[in-house]
Amino acid sequence: MMVRFMGVANIGLALIAWLVRNADASKARDAVTLGFTIFFVLHALTSLYGQFTDTSTPMHWVMATLQGLIAVGFFMAGKASMSETKM
């Protein structure tokens, strides 16, 4: 059941990313990008924590690497297309 809940959550996040991909530069798009960056950084850190506390599977390393790379991708994309509006 937990895998199903995570799948539904990931589909929701994917829809948000897909629908905002062509939005004009704005504070909202910047916030979505920052939110995804933080989300994937926290997932990578959680996977690393899992690797050091549950050494029965090496998959934590794979997931931490993938999630870290996705976080870096969101960071770089957000930095490149940051809106010029001031807070």
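Okay, let's start with a helix pair: the axes of helix 1 (residues 2–20) and helix 2 come within 11 Å and cross at roughly 145 degrees. Axes here are lines fitted to C-alpha atoms, for helices over the stretch in contact, with angles running from 0 to 180 degrees between N-to-C directions. Helices themselves are DSSP runs (H or I, at least four residues), numbered from the N terminus.

Before I go on, the housekeeping. This is a predicted model, so local features need pLDDT of at least 70 and side-chain atom pairs count only at pLDDT 80 or more, while totals for chains, interfaces and linings use all residues. Residues are numbered from 1 along each chain as its sequence is written, and side-chain values use heavy atoms, with hydrogens and water left out.

Back to the pair. The crossing of helix 1 and helix 2 is left-handed, meaning the near helix is turned anticlockwise from the far one by less than a right angle. Who meets whom? From helix 1 you have Met6, Leu13, Ile16, Ala17 and Val20, and from helix 2 Arg29, Val32, Phe36, Phe39 and His43. Contact means heavy atoms within 4.5 Å. By type, the residues of that contact are eight nonpolar, one polar and one charged. For the classes, Ala, Val, Leu, Ile, Met, Phe, Trp, Tyr, Cys and Pro count as nonpolar, Asp, Glu, Lys and Arg as charged, and the others, Gly among them, as polar.

Let's stay with Arg29 for a moment, which is in helix 2. Is Arg29 buried or exposed? Arg29 counts as buried because its relative accessible area is 13%, and the cut-offs are under 20% for buried, over 50% for exposed and partly exposed in between, with a 1.4 Å probe and protein chains only. Leaving aside neighbours within four places in sequence, Arg29 is in contact with Val20, Ala23, Asp24 and Ser81.

Ser81 turns up again with Ala25, which sits in the loop between helix 1 and helix 2. Those two are 56 residues apart along the chain, and their C-alpha atoms are separated by 7.0 Å. Ala25 itself is partly exposed, at 46% relative accessibility.

Now two more residues of helix 2. Thr37 is in that helix and is buried, with a relative accessible area of 11%. Not counting residues up to four places away in sequence, Thr37 touches Ala71, Phe74 and Phe75. Gln51 is also found in helix 2, which covers residues 27–53, and it counts as buried at 9% relative accessibility. With the same sequence neighbours left out, Gln51 touches Thr57, Pro58, His60 and Trp61.

Over to helix 3, residues 59–80, where Gly78 has its place. Gly78 is buried, with a relative accessible area of 6%. Take Phe36 from the helix pair: Gly78 and Phe36 are 42 residues apart in sequence and 9.9 Å apart in space, C-alpha to C-alpha.

Last topic, the second largest pocket. A pocket, on a 1 Å grid over the protein atoms alone, is an open set of points where a 1.4 Å probe fits, with protein on both sides within 12 Å along at least five of seven lines; lining residues have an atom within 4 Å of a point. This one has a volume of about 160 Å³, where volume is the space filled by probe spheres set on the points, and grid points are joined across faces, edges and corners.

So which residues line the second largest pocket? They are Met6, Asn10, Phe39, Phe40, His43, Met63, Leu66, Gln67 and Ile70. Helix 1, helix 2 and helix 3 are the elements that give two or more residues to the lining, and the largest share, four residues, comes from helix 3. The lining divides into six nonpolar, three polar and no charged. Asn10, one of the lining residues, is found in helix 1 and is partly exposed, with a relative accessible area of 38%.
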